[in-house]
Structure formats: C-alpha cells, structure tokens
Amino acid sequence: MANPLKGCVPYTPENVPIYGYRPSLPAGIVFCIVFTIPTVLHVFQFYPRRTWWLSVFAIGGLGEILGWASRIWAYGCPYNATAFMMQLACLVLAPNFFTAGCYIALGRMITTLGRQYSPISPRLYLYIFCGCDIISLVVQAVGGASAAAAYNSLPPGNTKPGTNIMVGGIVFQLVSITVFLVFFFLVLFKAWRELKHVRAVNLVALATVISIMAIYVRCVYRTIELLQGWAGYLITTERYFIALDGAMMVVSMAVFNLWNPSTLLGSAPRKQTSGSSSHGELPGKVQGESERAQDSDRVIEQVVVPKEVA
C-alpha cells in the first residue's frame, strides 16, 4: 500500500486529510488566476520606471500563486505531506513581501513630504520592521517544522508545542504591524497641511492603509485559527481560509495596482529648498536632506534587487 504522506492516494471520506477537508479545486484555480493578474501588472508597473522596490509585490504574488497551486495539487493528493508543507510555507511567506512594500511605501512618502514629519529616517522603517518580519518568519518556520515533524511521525506525535511557537511568531508580527501603524498615522498627522495639497501622496497613503489592514485581519485570523489547534473549527473550515487569508491578500496586493506608488510618487512634487508651501509646493530642507533621501532609495534597491541587476 502506498504511503499517503508521500504518494498520491485518492480522497476517501473516511480518512480526513490534515486540512480537515479536501482543498477546493475551483478555489485553487480562481486564486491562481486572481493572483497572476496583479502580479503581472506589478511587473509592468515597476519595470519601465526601474522602481525595483515595488518588485516585492510581484515576488509576494508569485509566492501566493505557488501556494494556491499547491492546494490544487492537494485536491488530487489530499494526504500528501509535501503538498501540505509547500502550500503552508508559500502562504505564510508571501504576505511578508506585502508588508515590506507597505514599510517602504511610507519611507517614500516621507521622502516626498519631508524628513521633518517622521520621528525616524525612511531607511529605518525598512531595517526595523523588515527585521521584525524576518524574526517572525523564522519563529513561524521553526514552529511549523516542529508541528509537521510531529504530524508526519508514526505514530503521530504532539503538534501543540510547534503550533504554540507558530502562534508566537504571528503575535510578534501583529505587534510589529501595530507599532508601524502608530508611526504611519503619526506621520500623516504631522504632515496634514501638506497632504491637503498633494493628492498623489494621499492616494498612496490610502493604498498603504488598506493593504496593511488586510494583512492585519489575516494575522488576527491566523492567530485565532492556530490557537484552536490543527483540529479546530477555523482551520478545518475552508471558507474562512478563502475569505480571511486568500481574499485579504488579493486586496493587500491589488490596491497598489490601483494606486501605484511608482506612478503617483514619481509625479508628486518633492520637498523644496524654499520655506513656503502652496498648492503642491512642499516645504523642505537643504540639499543634504535631499541627498539623504536619495541615499535611502539606494539602500532600498540594494536590499530588494541583486547588485548586478540594480
């Protein structure tokens, strides 16, 4: 008899897969298509302008496509451990690229509005909050590997310790996103007068709020889901996963197609050396401030794009 964890054993109602259900084939196909469209659009939006930092959305979209393609595989082979781990890894990793895009978007908004409106420099948003995301990912990966090893053992072991570690990683991410939102709204509050005259920055700010809140909803859902355990109600009911994970990530990604920072911030007026401001002319500082902003852009490109490409 074939090992169901390694081979492709057909679904039987008597043997419930680890998902708690047989993954939906229509949902897998629809989400593969739905994520492919904004991913391709992001490539066409960032590549002509060489705004490499926006490639994070395309990379995240590719991760979502691979994750949902794994769920299509799991429809045919619902007991296969590789299909399960592949969809789990891809769908946990991909949203972190969207949060990175939000962090960098705030840095670019500060570059446009003026450094004086932010308590920290644009590059620090990238370093601090992406660093927190990496820590969160490592913790979730360790927990997921531990839980998977326990599940795949014969006989199955205790998955709770690994699950608790995963929950810790997600909660840490929730805290870091909350802190980011505090900084984000602080910048908007301090720059309120200038925002009245710069519609482009307003639109990017709106896109960032929608995107980060969609990610926040997903994190809350995944936290409650894992706290209930691998046999809990949420994790074994696919419609919640479709609505609160898949759909939220479509919103988080596609909103930046609608209000694309490459186009909007590229045409927005930059801070000026004059001290006055009226109808789109923003107050600025001296040349050194502008140089530091350009410096930040170079740091972002070095992090997102390999040196030979950038």
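Reader: Let us begin with accessibility. In this predicted model, is Phe84 buried or exposed?

Author: The reading rests on a cut-off, because a residue counts as buried under 20% relative accessible area. Phe84 has 8% relative accessibility, so it counts as buried. Tyr19 is also buried, at 4% relative accessibility.

Reader: What share of the 310 residues of the protein chain counts as buried?

Author: The share of buried residues is 52%.

Reader: I should like to place these residues in the fold. How many helices and how many strands does the protein chain have?

Author: There are ten helices and zero strands. Read from the N terminus, the order of elements is α-α-α-α-α-α-α-α-α-α.

Reader: Let us turn to aromatic side chains. How many aromatic pairs does a search of the whole structure find?

Author: The search returns 19 aromatic pairs. One of them joins Tyr19 and Phe84. The ring centres of Tyr19 and Phe84 are 5.3 Å apart and the planes meet at 75°, so this pair is edge-to-face. The label follows from the angle, because planes over 60 degrees apart count as edge-to-face.

Reader: Which parts of the chain does this pair link?

Author: Tyr19 belongs to the segment before helix H1 (25-46), whereas Phe84 belongs to helix H3 (residues 81-113). The two residues are 65 residues apart, and the pair links distant parts of the chain.

A second example is the pair of Tyr103 and Phe180, which is also described as edge-to-face, with 4.8 Å from centre to centre and 65° between the planes. Tyr103 sits in helix H3 and Phe180 in helix H5 (residues 160-190), so this pair ties together parts that are 77 residues apart in sequence.

Reader: Are Tyr103 and Phe180 buried or exposed?

Author: Tyr103 is buried, with a relative accessible area of 0%. Phe180 likewise counts as buried, at 0% relative accessibility.

Reader: Which residues form one aromatic cluster with Tyr103 and Phe180?

Author: The cluster consists of Tyr103, Tyr125, Phe129, Phe180, Phe183, Phe184 and Phe185.

Reader: A ring may also face a charge. Where does Arg22 lie with respect to Tyr75?

Author: Arg22 lies over the face of Tyr75, at 3.8 Å from the ring centre. In the chain, Arg22 is found in the segment before H1. Its relative accessibility is 31%, so Arg22 counts as partly exposed. Arg22 and Thr236 are 214 residues apart along the chain, yet their C-alpha atoms are separated by 9.7 Å.

Reader: Over the face of which residue does Arg50 lie?

Author: Arg50 lies over the face of Tyr47, 4.2 Å from the ring centre. The place of Arg50 is the loop between H1 and helix H2 (55-76). With a relative accessible area of 40%, Arg50 is partly exposed.

Reader: What is phi of Arg50?

Author: Consider the general rule before the case. Most residues other than glycine have a negative phi. Phi of Arg50 is near 55°, a positive value in a residue other than glycine.

Reader: How should I read contacts of a buried polar side chain? Where does Ser136 lie, for instance?

Author: Ser136 lies in helix H4 (residues 122-152). Ser136 has 0% relative accessibility and therefore counts as buried. A polar atom of its side chain lies 2.8 Å from the backbone oxygen of Gly169.

Reader: And how far apart in space are Leu113 and Leu188?

Author: Their C-alpha atoms are 9.8 Å apart, while the two residues are 75 residues apart in sequence. Leu113 is part of helix H3 and is buried, with a relative accessible area of 1%.

Reader: My last topic is internal space. How many cavities of 30 Å³ or more does the structure hold?

Author: The general idea comes first. Rolling a probe the size of a water molecule over the atoms shows where empty space is left. In this structure there are three cavities of 30 Å³ or more, and the largest has a volume of about 170 Å³.

Reader: How many residues line the largest cavity, and which lie nearest its centre?

Author: The lining has 14 residues, and Arg71, Gln87, Arg222, Ile235 and Phe241 lie nearest the centre. H3 and helix H7 (199-227) each supply at least two residues of this lining. The largest share, five residues, comes from H3. By class, the lining holds ten nonpolar, one polar and three charged residues.

Definitions and conventions:
Residues are numbered from 1 along each chain as its sequence is written. This is a predicted model: local features need pLDDT of at least 70, side-chain atom pairs count only at pLDDT 80 or more; totals for chains, interfaces and linings use all residues. Side-chain values use heavy atoms; hydrogens and water are left out. Rings of Phe, Tyr and Trp (its six-membered ring) pair if their centres lie within 6.5 Å; planes under 30 degrees apart count as stacked, over 60 as edge-to-face and the rest as tilted. Helices (H or I, at least four residues) and strands (E, at least two) are DSSP runs, numbered from the N terminus. Buried means under 20% relative accessible area, exposed over 50%, partly exposed in between (1.4 Å probe, protein chains only). A charge sits over a ring if NZ of Lys or CZ of Arg is within 6 Å of the ring centre and within 35 degrees of the ring normal. On a 1 Å grid over the protein atoms alone, a cavity is a set of points where a 1.4 Å probe fits but cannot get out, and a pocket is an open set with protein on both sides within 12 Å along at least five of seven lines; lining residues have an atom within 4 Å of a point. Grid points are joined across faces, edges and corners, and a volume is the space filled by probe spheres set on the points. Ala, Val, Leu, Ile, Met, Phe, Trp, Tyr, Cys and Pro count as nonpolar, Asp, Glu, Lys and Arg as charged, and the others, Gly among them, as polar. A polar contact is a pair of N or O atoms within 3.5 Å; within protein, one must be able to donate a hydrogen and the other to accept it, and residues adjacent in sequence count only if both atoms are side-chain atoms.
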